[in-house]
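This report is meant for a reader who is meeting the structure for the first time. It begins with the chain as a whole and then turns to particular places within it.

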Amino acid sequence: MPSHDLPAMSVAPDGGWGWVVTFSSFMISVLVDGICLSVGVFLNDLIIEFGGTNSETSWVMSVLNGSYLVVGPVVSSCANKFGCRATTIAGAVFCAIAIFCSGYSNSLAVLIVSFGIFGGIGLGFMYLPAIVMVGYYFDKRRALATGIAVCGSGIGNFVFAPIAELLLKEYGWRGSMMITSALMLNGIIFGSFYRPLKPPKNKDLPSIPYQATDNEVKEPIIRPDDKHKQLNLRMKFKRIHDIEQENYHARRHRSLDITGTGRTFLPGVLNVSNNKEQSNIARMAASHDILPTHLNSKTPVRPTVSPFYRKDVLYSGSLLRLSEKMESPNMDEFISSMVVIPSDEDDNKKSCMEKIGKAFKKYKDLKPTFFLYSFACFLLMLGFFIPYTYLPSVGLRLNFSRNQSALLLSIIGISNTVFRIIIGWVSDQKWSNCFIINYTSLLVSGIATAFVPVFTNYPLLVSYCVVYGICIAAFISLRSIIMVELLGVENLTLAFGLIIMAQGISSFFGSPIAGWLSDMTGNFDAAFYMGGAALAVSGIICVPLERVSKWERKREALKSKTIVEVKELQPMINNSLNMQ
């Protein structure tokens with residue numbers, strides 16, 4: 001591959017336009033989660049309109065929440081191919097059209113398809129790029145920027161619930177749908193701010209490691225020119241791929257030093273070679289007027305690295321917690337270690353489904369702890385949306401006003417927002433244990449949810465909403481951090497996509513099952529018992545995660561040690577066999 005075709009690593013500005021991107025992600029989170037977490041306000045009006053049961057009507061909410069999560073792998077592939085800006089804008093337009101058409105639904109089934117499926121898909125195309133772009137623009141200040149962006153979820157929940165109630169009162173649910181669709185068009189404006197990073201000047205490029213083949217250095221071609229002779233050194237570099245994590249830092253990447261200064265022919269390519277032959281070429285090159293072909297103004301500019309080539313782009317915690325960061329002598333080398341260029345020459349030509357299929361082939365290589373954590377997340381989402389769906393109805397049955405009932409969801413949102421900031425700071429501290437915080441919050445949220453049927457006055461329900469908002473904030477904030485602790489940052493993108501998909505699948509069924517239980521019993525007690533049990537069991541499953549993960553690492557270390565010992569003994573065994 002010509003040198004100018006190799007992707008150039010864009011340097012995260014850690015500020016500047018990055019704060020505009022952060023604000024955009026914040027506002028998109030307001031829109032996406034504001035709708036998804038406040039849709040329970042519509043439940044009673046939809047039951048009256050279509051005459052359905054709690055179980056049947058709750059499919060509208062559950063399909064919306066499930067759809068926007070389950071399309072994650074498709075969205076990541078599309079964003080990788082078309083860019084986060086185009087993906088977000090397309091999602092906003094699609095979602096706005098779907099919600100607007102939902103206002104004309106003449107049956108519950110049509111509403112489930114238009115609002116639930118199509119609206120959820122549109123929200124999904126907005127949700128993932130909002131997460132990715134913050135990680136793309138920030139390295140050193142990522143924890144702060146991500147904390148600001150994700151606060152949009154709680155703010156959206158806090159703002160949209162009373163707005164939805166006001167719109168229902170003034171315009172009915174059909175008019176509310178149409179006005180909400182207009183609000184979603186703001187996603188076009190915020191998505192337009194997701195401009196891709198431009199490659200910096202060559203001298204400022206961080207090193208991106210490439211491994212050269214043994215035959216990478218070709219014979220120098222000296223071609224005469226009318227004025228003088230120029231030396232054109234043409235080389236081919238092969239991308240690094242399929243490197244086992246335990247051997248990654250032990251590997252050395254070779255590249256051609258044509259300057260004799262330790263800098264490689266390609267800016268942004270890490271040079272750690274002391275090859276004598278290459279040094280001779282460097283001395284020869286130093287006596288010529290060198291004009292590398294990729295620096296020629298007539299040569300096409302190399303494309304930038306996609307955000308999804310960064311292994312840590314979905315990591316929401318402080319980079320100081322990553323072992324790769326602690327082992328790297330400087331930030332540039334750390335960034336280089338986080339970039340993985342696809343090995344396939346025609347990777348960009350592959351369809352979305354082909355890329356998704358390739359990702360699923362790696363599924364079997366993940367550790368057992370991943371499947372344990374995935375099952376915990378699956379159970380969690382069975383109960384996660386039950387309070388959002390049925391708390392307003394519980395308030396109405398307890399003779400609270402519609403505004404008071406809607407305000408319960410707002411209280412969850414504001415407590416969620418405040419505690420996300422706190423948990424972000426706590427998780428960055430050396431003394432914090434994310435595993436303990438995670439399973440404790442799940443257990444507390446499960447127990448509190450199971451006690452909702454006995455909370456028959458408004459202050460008790462408000463207290464529950466505060467506790468629930470705090471607990472779910474801990475789980476969501478620590479999700480990517482726990483994945484890295486269990487699987488390593490190199491598997492974060494794959495694991496995140498699969499877990500989000502698992503959560504989306506369970507989201508389809510949680511609220512309808514709870515609604516069926518409420519239809520059978522005539523009240524919402526069984527629904528909250530079911531939701532609380534799902535949350536608590538999820539927390540119990542997460543209790544042994546840390547110990548199982550340590551056991552896995554010890555087993556892998558022992559296996560690696562055995563392999564090394566066998567390799568060391570192999571020459572002795574061969575010599576003995578030859579002597580015989």
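## Overall picture

The chain has 21 helices and two strands, and the model that shows them is a predicted one. Of the 580 residues in the chain, 53% are buried. The accessible surface of the chain comes to about 26400 Å², and carbon and sulfur atoms account for 62% of that surface. Among contacts in the chain with a separation of 6 or more, 83% are between residues that are 24 or more positions apart.

## Salt bridges between helices

The structure holds three salt bridges, and the table sets out the side chains that meet in each of them, together with the computed distance from nitrogen to oxygen.

| Acidic residue | Basic residue | N to O distance |
|---|---|---|
| Asp45 | Arg402 | 3.0 Å |
| Glu49 | Arg174 | 3.1 Å |
| Glu165 | Arg402 | 2.6 Å |

The side chains of Arg402 and Asp45 meet at 3.0 Å, and this pair links distant parts of the chain, with Arg402 in helix H16 and Asp45 in helix H2 (residues 43-50), 357 residues apart. Arg402 is partly exposed, with a relative accessible area of 35%.

The salt bridge between Glu49 and Arg174 has a distance of 3.1 Å. Because Glu49 lies in helix H2 and Arg174 in helix H7, the pair ties together parts that are 125 residues apart in sequence. Both partners are partly exposed, Glu49 with a relative accessible area of 39% and Arg174 with a relative accessibility of 28%.

The side chain of Glu165 meets that of Arg402 at 2.6 Å. Glu165 lies in helix H7 and Arg402 in helix H16, so this pair ties together parts that are 237 residues apart in sequence. Asp45, Glu165 and Arg402 are joined into one network by salt bridges that share partners. Within that network, Glu165 is buried, with a relative accessible area of 5%, whereas Arg402 is partly exposed.

## A nonpolar patch on the surface

Helices H7 and H16 also appear in another feature, a nonpolar surface patch of about 430 Å² that is made by Phe158, Val159, Ile163, Ile414, Val418 and Ile422. Helix H7 (142-184) and helix H16 (402-427) each supply at least two residues of this patch. One of the patch residues, Ile163, has its place in helix H7, and Ile163 is partly exposed, with a relative accessible area of 34%. The spacing of side chains along a helix offers useful background here: an α-helix has 3.6 residues a turn, so residues three or four places apart point the same way.

## Helix H15, an enclosed segment

What span should the 12 residues of helix H15 (residues 386-397) have at 1.5 Å a residue? The expected span is 16 Å, and the end C-alpha atoms of H15 are 16 Å apart, which agrees. Since 10 of the 12 residues of H15 are buried, the helix is largely enclosed by the rest of the structure. The buried residues are Ile386, Pro387, Tyr388, Thr389, Tyr390, Leu391, Pro392, Ser393, Val394 and Gly395. Just after H15, Asn399 takes a positive phi of about 70°.

## Val32 and its surroundings

Val32 has its place in helix H1 (residues 17-36), and is buried, with a relative accessible area of 2%. When its neighbours within four places in sequence are left aside, Val32 is in contact with Tyr68, Leu123, Met126 and Tyr127. Val32 and Gly122 are 90 residues apart in sequence, while their C-alpha atoms are 9.4 Å apart in space.

## Cysteines

How many disulfides does the structure hold? The structure holds zero disulfides. Cys95, for example, is in no disulfide, and the nearest cysteine sulfur, that of Cys36, is 8.2 Å away; a disulfide would need the two sulfur atoms to be within 2.5 Å. Cys95 is buried, with a relative accessible area of 0%, and Cys471 is also buried, with a relative accessible area of 7%.

Terms used
Residues are numbered from 1 along each chain as its sequence is written. This is a predicted model: local features need pLDDT of at least 70, side-chain atom pairs count only at pLDDT 80 or more; totals for chains, interfaces and linings use all residues. Side-chain values use heavy atoms; hydrogens and water are left out. Buried means under 20% relative accessible area, exposed over 50%, partly exposed in between (1.4 Å probe, protein chains only). Patches are made of residues with over 30% relative accessible area and no salt bridge: like charges are joined within 9 Å, nonpolar side chains (Val, Leu, Ile, Met, Phe, Trp, Tyr) within 5 Å. Accessible areas come from the Shrake-Rupley method with a 1.4 Å probe; for residues, only the protein chains shown count as cover. A salt bridge is a side-chain nitrogen of Lys or Arg within 4 Å of a carboxyl oxygen of Asp or Glu. Helices (H or I, at least four residues) and strands (E, at least two) are DSSP runs, numbered from the N terminus. The expected span of a helix is 1.5 Å times one less than its number of residues. Contact means heavy atoms within 4.5 Å.
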